[in-house]
Structures are given as C-alpha cells and as structure tokens.
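Subject: Structure handover

Hi,

Here is the structure I promised to pass on. My notes on it follow below, with the cut-offs spelled out where a term first comes up.

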Amino acid sequence: RYSDKAVSKEQSLYVTQFQIPATQMARHPLPDYAMQPIKVKEVRSDDTTHSLRILRVEGPFGCAEFNMQQGELSQYVYHNTPLLSAPLRLNFWRLPTDSELNTSGSGSLKSWKMLRDDLMKRKITDITYSRPDSGSLAVDMMLQYSNQSGVVLMDVRQTFLLLYTGDVILS
C-alpha cells in the first residue's frame with residue numbers, strides 16, 4: 001500500500017477477504033463478429049414551410065430518427081414496433097418532497113414548478129454527432145434554458161448514444 005495525504009503507509013485500514021464463486025477468472029472481449037454495423041444517413045427534408053435536418057439510423061434493431069433542429073429523438077421503431085408516441089426530450093419534473101408540499105405557496109417547490117417545458121424557452125447552442133465505432137452513434141448537444149422573460153436558467157449538455165443492439169443511453 002502507498003501512503004497519501006489522508007493515510008500514512010504505517011496506518012492500518014480495515015481489510016476483509018471473501019470468496020467469489022466464479023467459474024471464469026477473466027472476461028474476454030466479445031469477438032468482432034458480435035457487433036453489427038448500423039447505417040447513419042443525414043437527410044434534409046425541404047418542404048414549403050421549413051427545412052429539417054434529420055439523422056436516420058438503421059440497424060439490426062430497426063430504425064431511429066434524430067431531429068437535429070429540435071435536438072430530440074423523434075422516431076424509434078424496434079423490430080417493426082414504434083415505441084415513441086412523442087419525441088424524446090429532457091424533462092425536469094420530479095416528485096415534490098413533504099417539506100415542499102407544506103410550504104404555503106413559497107419555497108423551492110415554486111421554483112421546480114417553473115421548470116415545466118411550457119414555461120421555459122429551450123435553445124440548442126451546439127449539436128454534433130459522431131460514430132465512436134461502426135455499431136454506434138453519439139449525438140451531443142448543448143442546450144440553454146431560459147424563463148419566459150429571457151433570463152438564462154441553466155445550460156445543459158445532453159448526449160444520446162444509440163447502440164447496434166437498439167439500446168439508447170441518455171446522459
């Protein structure tokens with residue numbers, strides 16, 4: 001053991017040992033043939049009212065579409081079954097705590113109620129996409145949320161990662 005600022009080398013720490021029942025000592029990486037490539041195509045839809053920039057993704061799971069103007073997953077079809085009834089976008093709703101419910105109209109519950117999507121303006125300041133490997137797509141975006149008066153409330157970085165398995169990881 002090495003010494004550091006928190007604990008000197010001579011100082012003993014609590015140590016325990018336990019048996020891990022395992023039949024395999026190390027996990028081996030999946031072979032290359034396990035990953036299946038996905039196709040990503042940027043589509044520009046020009047109609048009479050506006051131009052849409054859409055990323056269309058097709059893979060063994062089905063297909064998905066990212067609306068790059070709105071910064072949202074707008075369509076997701078998994079094995080011929082549409083899974084989204086509305087576009088997938090960030091939502092700040094949460095369950096109120098007891099202390100927030102017991103305040104008489106003031107306090108932090110009021111500020112949380114102001115974070116409703118219909119009371120905030122949402123602006124995409126930057127959006128890019130990349131291919132970490134042939135079986136995945138990452139869409140990174142910077143979002144700015146402001147109140148109805150234009151006062152900036154927060155900046156949010158959001159990433160969608162779509163894998164060849166059909167999994168969507170949102171961070």
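Let me start with one residue pair: Lys121 has Ser146 in β7 as its bridge partner. Strands here, like helices, are DSSP runs numbered from the N terminus (strands are E with at least two residues, helices H or I with at least four).

Before going further, two notes on the source. This is a predicted model, in which local features need pLDDT of at least 70 and side-chain atom pairs count only at pLDDT 80 or more, while totals for chains, interfaces and linings use all residues. Residues are numbered from 1 along each chain as its sequence is written, and side-chain values use heavy atoms, with hydrogens and water left out.

**Overall picture**

The chain contains 2 helices and 9 strands, and from the N terminus the order is β-β-β-β-β-α-α-β-β-β-β. Of its 171 residues, 24% count as buried (buried is under 20% relative accessible area, exposed over 50%, partly exposed in between, with a 1.4 Å probe and protein chains only). About 12700 Å² of the chain is exposed, and carbon and sulfur atoms supply 54% of that area (Shrake-Rupley method, 1.4 Å probe; for residues, only the protein chains shown count as cover).

**The sheet around β7**

An open sheet is formed by 4 strands in the order β6-β7-β8-β9, with antiparallel pairing (two strands pair if DSSP finds at least two bridges between them). Its edge strands are β6 and β9 (168-170), each of which pairs on one side only.

Strand β6 (residues 121-130) is joined to β7 by a hairpin of 5 residues, and the two strands pair over 9 bridges. On the other side, β7 and β8 (residues 152-163) share 11 bridges. Among the bridge partners across β7 and β8 are Val139 with Phe160 and Gln144 with Asp155. The hairpin between β7 and β8 also has 5 residues between the strands, and Gly150 in its turn has a positive phi of about 95°.

Why is β7 described as largely enclosed by the rest of the structure? Because 9 of the 11 residues in this strand (residues 136-146) are buried.

**The nonpolar core**

The largest nonpolar core has 21 residues, and those with the most contacts inside it are Val57, Phe66, Leu137, Val139 and Leu162. Such a core is a set of buried Ala, Val, Leu, Ile, Met, Phe, Trp, Tyr and Cys residues joined through side-chain atoms within 4.5 Å. At least two residues of this core come from each of β2 (51-59), β3, β4, β7 and β8, and β7 gives the largest share, 5 residues.

Leu137 touches residues including Ile38, Val40, Leu55, Val57, Phe66, Tyr129 and Leu162, leaving out those up to four places away in sequence (contact means heavy atoms within 4.5 Å).

**Two polar residues to look at**

Asn67 is in strand β3 and is buried, at 10% relative accessible area. Apart from neighbours within four places in sequence, Asn67 is in contact with Leu52, Arg53, Glu72 and Ser74.

Gln69 sits in the loop between β3 (62-67) and β4 (72-78) and is partly exposed at 41% relative accessibility. The side chain of Gln69 reaches the backbone nitrogen of Arg53 at 2.7 Å. The C-alpha atoms of Gln69 and Ile54 are 7.9 Å apart, although 15 residues separate the two along the chain.

Best wishes

Notes. Polar contact = N/O pair within 3.5 Å; in protein donor to acceptor, adjacent residues only side chain to side chain.
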